[in-house]
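Biologist: Pick one part of this model and take me through it closely, please. I'm after a pocket, with a look at the neighbouring details and at how far to trust them.

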Amino acid sequence: LSDALAAGDLDSFAENKNLAAFVLSSPNSPAAVLMMFPREGAQLIDGSAIDPLLKVVTLGMDLCALRKEEHLIHTEEDFTAVHSPPLIPGFIHSSPAMSAVVDEILKIRSSDVTVLITGDSGTGKEMVARAIHATSNRKDRVFIPFNCTAVPKELVEGHLFGYKKGAFTGAVSDSPGMIRAADGGTLFLDEIGDLPIDVQPKLLRFLQEGEIQALGEGKPSKVDVRIIAATNMPLEQKVADESFREDLYYRLNVIRLRVPPLRERRSEIPLMINYYLKQYSERFGKRDLTVTPQTVDLLMVCEWDGNVRQLCNEIQRLVARAEDGEIITPDHLSPDLQRGEGLRGTLSGEIRTEPITEVIDFGGFNFKTKGARLEDAVTELEKQMITDSLRRHNWNITRVSKELGLTRRGLYLKLARYGIEKAVWEK
């Protein structure tokens with residue numbers, strides 16, 4: 001078997017031995033191989049596929065590995081950099097993915113180099129930017145965040161570069177602008193991909209020359225500001241469709257840090273739960289709140305499409321509703337999590353072993369009903385509708401998302417959740 005695995009020829013080995021071979025792998029545990037004899041017996045007692053059960057097994061493997069890792073974090077006497085104190089309060093980095101980000105932050109701590117932070121919405125890009133500032137030579141100076149989508153497009157230039165009284169209708173007094181206000185410190189430009197195209201040349205000039213010129217001002221002036229930018233969209237695509245300047249992209253993309261989504265750093269979830277539980281308990285005046293291991297398990301296997309922000313909001317909601325001394329159980333979780341809408345696999349309820357024999361046709365889509373939970377039936381129907389639409393529209397994401405009433409991002413999230421890949425689908 002070891003020779004077959006090393007040679008990548010497990011299928012041939014299993015076929016020759018009349019075995020059914022299944023590779024069980026999860027993000028946080030070593031891979032395992034399940035062998036079943038005879039080959040034709042690899043199914044449930046009712047004759048249905050064994051794949052759903054194997055998904056539950058891999059989920060259990062993942063949970064056991066994460067529990068072990070968490071235990072090591074709390075019991076190891078070797079206080080390594082991976083488990084070192086946070087760079088700033090709330091900056092948790094016990095996973096290899098986030099530890100790599102911290103390593104990069106520490107490497108550039110003596111430099112004022114421009115940094116571009118990428119990552120999904122809610123992953124904590126601003127916290128990473130604050131950590132970069134806190135470890136830099138500018139740590140004692142001001143840190144100013146500016147969201148490029150929070151201001152109407154026609155007002156972005158004035159907010160960034162400032163304006164003189166009378167420069168335009170409504171300019172009743174001078175305004176220094178965000179860049180000048182951050183002089184000597186750091187300016188964090190969040191959602192930089194949404195910066196209006198007509199403002200981009202002025203930002204480029206500032207990055208090149210260190211000069212800004214306010215609206216209505218006669219001449220430019222020098223300003224000493226470090227720029228850290230962040231985006232949750234692929235800037236390369238925006239450059240390709242000419243909605244983002246290529247020269248500005250290269251000026252921003254000097255050092256690039258990717259903040260991994262929460263699903264790639266699940267081992268940090270228990271630490272985050274403890275941190276936010278304490279934080280919101282103090283804020284709301286709650287005492288002696290505890291979370292059961294079962295609740296932590298459920299939170300660890302959530303997909304967390306909203307990432308750290310979503311987890312933070314969930315803990316805030318739990319604490320706000322709890323009474324002093326209350327034990328938080330899975331029943332206290334928000335309705336979406338209780339229904340399993342954010343969970344991987346089937347962990348939110350008991351594994352059903354009774355036969356599923358009845359099949360109904362619903363609008364041309366077939367799925368089993370007997371013994372199935374409502375959420376399982378809805379999930380199966382959703383998967384079939386998506387794959388059917390992809391097939392009919394030859395994987396045209398725009399047409400499929402329009403037909404199904406989803407945004408393109410929403411469709412991509414569902415494809416990732418259900419493991420629907422074009423390469424697999426075309427086989």
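Modeller: I'll say "contact" or "touch" for heavy atoms within 4.5 Å. By that rule Val-23 touches Leu-10, Ala-32 and Val-33, leaving aside residues up to four places away in sequence. Val-23 sits in β1, residues 20-26 (helices are DSSP H or I runs of at least four residues, strands E runs of at least two, numbered from the N terminus). Thr-58 is 35 residues from Val-23 in sequence, and their C-alphas are 9.6 Å apart.

This is a predicted model, so local features need pLDDT of at least 70 and side-chain atom pairs pLDDT 80 or more, while totals for chains, interfaces and linings use all residues. Numbering runs from 1 along each chain, and side-chain values use heavy atoms, without hydrogens or water.

Now your pocket: the second largest one, at about 430 Å³ (open 1 Å grid points where a 1.4 Å probe fits, protein on both sides within 12 Å along at least five of seven lines; lining atoms within 4 Å of a point; the volume is what probe spheres on the points fill). Its lining has 21 residues, and Gly-122, Thr-123, Gly-124, Lys-125 and Met-127 lie nearest the centre. Two or more lining residues come from each of α5 (125-134), β5 (186-190), α11 (269-284) and α13 (307-321). The largest share, four residues, is from α5. By class, the lining has ten nonpolar, five polar and six charged residues (Ala, Val, Leu, Ile, Met, Phe, Trp, Tyr, Cys and Pro are nonpolar; Asp, Glu, Lys and Arg charged; the others, including Gly, polar).

Follow α11 away from the pocket and you find α12 (residues 293-300), packed against α11 at about 115 degrees with axes 10 Å apart (C-alpha line fits over the stretch in contact, N-to-C, 0 to 180 degrees). Ile-269, Pro-270 and Ile-273 of α11 meet Val-296, Leu-299 and Met-300 of α12. That contact has six nonpolar residues, with no polar or charged ones.

As for trust, the chain's pLDDT (predictor's confidence, 0 to 100) averages 79, and 79% of residues score at least 70. Residues 344-365 stay under 50, as do residues 71-83.
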